Amino acid sequence: MNGKPYADSPNPYSLPPHADKGQSGHRARLLNRYIKAGISSLNDYETLELILSFALPRRDTKQIAKSLIVKYGSVSAAISAPLDELCAMDGLGERSAALFTLIKDTISLCLSESFAKKPVIIHRRDMEEYLRFHYGHRREEFIVAVFLDNCQRVISASVVSEGTVNRCAIYPRKVMDLALKCGAASFILAHNHPAGTVTPSEEDWQATERLRTIGKGMDVPMVDHVIISKDRVISMRDYDRWDVI
């Protein structure tokens with residue numbers, strides 16, 4: 001190899017000579033504000049703008065960030081958007097879109113690790129938070145069964161059904177087969193409502209009644225049914241009807 005391969009090469013992370021110095025200064029101030037005061041000091045679009053600056057070091061990312069907030073409404077919804085949809089947005093591209101999904105998947109991994117290491121479910125809100133983040137932004141309905149042992153430790157969590165934007169069938173046999181295979185003592189059912197409402201439907205109640213009856217008969221009771229949206233989580237146990245089904 002001739003010459004010095006790196007000595008004369010431009011720094012890939014530096015702005016080109018013709019770049020807007022004001023843009024560089026703005027990014028430095030934004031990063032400095034985050035370092036000193038934390039993420040609460042940033043607007044929603046500024047959070048995305050700062051993230052994008054690492055993937056797009058030579059571009060003004062403010063307008064892209066604002067467009068993402070307009071389209072999706074929040075930071076969490078933006079980073080949870082489908083990869084192909086993000087790639088199609090003007091100015092993003094595959095690299096920066098992949099950065100968003102990497103952040104989302106990393107947060108999911110951290111939540112999963114934290115969730116898995118909890119020896120016993122003490123606070124229902126811990127599980128609700130995990131399930132809401134994992135499934136709250138899904139555009140199609142998912143049903144998840146969380147299986148517990150005699151000490152209410154989590155054995156496993158499985159997606160037991162997938163559906164459309166407003167309908168997802170629950171198959172009790174599949175849920176109970178999984179419960180028996182993993183030796184569960186009880187289970188929690190959870191499903192999302194992509195439309196945003198968390199009010200249980202009559203169909204939700206009927207499915208809950210079927211599963212509770214079957215679970216009691218097989219000595220693997222259902223201890224809760226959680227409904228998740230991107231903003232809220234409710235437990236059907238909190239309704240008076242739970243006590244009479």
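Here is a short chat about a predicted model of a protein chain, with helix α8 at its centre.

Me: What makes up the protein chain, in helices and strands?
Reply: The protein chain has nine helices and five strands. Starting at the N terminus, the order is α-α-α-α-α-α-α-β-β-α-β-α-β-β.

Me: Which residues of helix α8 are called buried, and what makes them so?
Reply: Helix α8 spans residues 172-181, and its buried residues are P172, V175, M176 and A179. The word buried is used for a relative accessible area under 20%, so P172, V175, M176 and A179 each fall below that cut-off.

Me: How do you know that these buried residues sit on the same side of α8?
Reply: They cover an arc of only 90 degrees around the axis, and therefore they lie on the same side of α8. As a rule, an α-helix has 3.6 residues a turn, so residues three or four places apart point the same way.

Me: Why are R173 and K181 called exposed, and where on α8 are they?
Reply: Exposed stands for a relative accessible area over 50%, so R173 and K181 are above that value. Both are carried by the face of α8 turned away from its buried side.

Me: What covers the buried residues of α8?
Reply: The cover includes the strands β1 (142-148), β2 (154-162) and β3 (186-192), together with helix α9 (202-217).

Me: What phi does G183 take, just after α8?
Reply: G183 has a positive phi, about 70 degrees.

Me: How much of the whole protein chain is buried?
Reply: Of its 245 residues, 38% are buried.

Note on methods. Residues are numbered from 1 along each chain as its sequence is written. This is a predicted model: local features need pLDDT of at least 70, side-chain atom pairs count only at pLDDT 80 or more; totals for chains, interfaces and linings use all residues. Side-chain values use heavy atoms; hydrogens and water are left out. Helices (H or I, at least four residues) and strands (E, at least two) are DSSP runs, numbered from the N terminus. Buried means under 20% relative accessible area, exposed over 50%, partly exposed in between (1.4 Å probe, protein chains only). The arc is that of the directions from the helix axis to the C-beta atoms. Contact means heavy atoms within 4.5 Å.
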